[in-house]
Amino acid sequence: MNNKAWFYAPLLEQESAFTKLREIEYFGTVANMCLNAKYAAALFDGKVQLHMIDGSEQEERKQMKLFPDDDRKGRILCHALTADFLYYGTDLGNVVCVLVEDWETVSTYSHTVPLSKVFPDVNGTRLIFIDDKKSGFLLTLSSVSTYNVHN
């Protein structure tokens, strides 16, 4: 229970019913889900499953990836999705940026405290993150510097 999602096509003016694109069953109870036009990212059991929204069941393995790919990289506590990037924060204090088209990590920032929330801007060039001490930081990904927003 609580591990299934149904994805529907947008309702157009001339349509009177929703068209179901895909039904997916996740490996655990979904705690949070983020969407963009092409992808969905579901958080469960310390992992994020990134997958395409529209796709056939035969191609599912090619259209899905689980993050992190190694348990030694920590448990994911929060995540966010922009048009181009998946961001997630871990219990080890890492902020990870993944390019969704390639499903590859493009940058990682190490913080000293576990993270509780991540908020990227629309372009994905800046990110505000909140740690477990309730401190907020601005991470500018172009220069990888942080500014303490709140103590």
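Two exercises on this predicted model follow, each with a worked solution.

Residues are numbered from 1 along each chain as its sequence is written, and side-chain values use heavy atoms, with hydrogens and water left out. In this predicted model, local features need pLDDT of at least 70 and side-chain atom pairs count only at pLDDT 80 or more, while totals for chains, interfaces and linings use all residues.

**Exercise 1.** Determine how strand 12 and strand 13 pair, and why strand 13 is largely enclosed.

Solution. Strands are DSSP runs of E with at least two residues, numbered from the N terminus, and two strands pair if DSSP finds at least two bridges between them. Strand 12 (residues 126–131) pairs with strand 13 in the antiparallel sense over five bridges. One step further, Arg126 has Thr140 as its bridge partner in strand 13. Between the strands of this hairpin stand four residues, and Lys134 takes a positive phi near 65°. Finally, buried means under 20% relative accessible area, exposed over 50% and partly exposed in between (1.4 Å probe, protein chains only). Four of the five residues of strand 13 (residues 136–140) are buried, so strand 13 is largely enclosed by the rest of the structure.

**Exercise 2.** Identify which parts the salt bridge of Asp71 and Lys47 ties together.

Solution. A salt bridge is a side-chain nitrogen of Lys or Arg within 4 Å of a carboxyl oxygen of Asp or Glu. The side chains of Asp71 and Lys47 meet at 2.8 Å, N to O. Asp71 lies in the loop between strand 6 (64–67) and strand 7, and Lys47 in strand 5, so the pair ties together parts 24 residues apart in sequence. Asp71 is exposed, at 60% relative accessible area.
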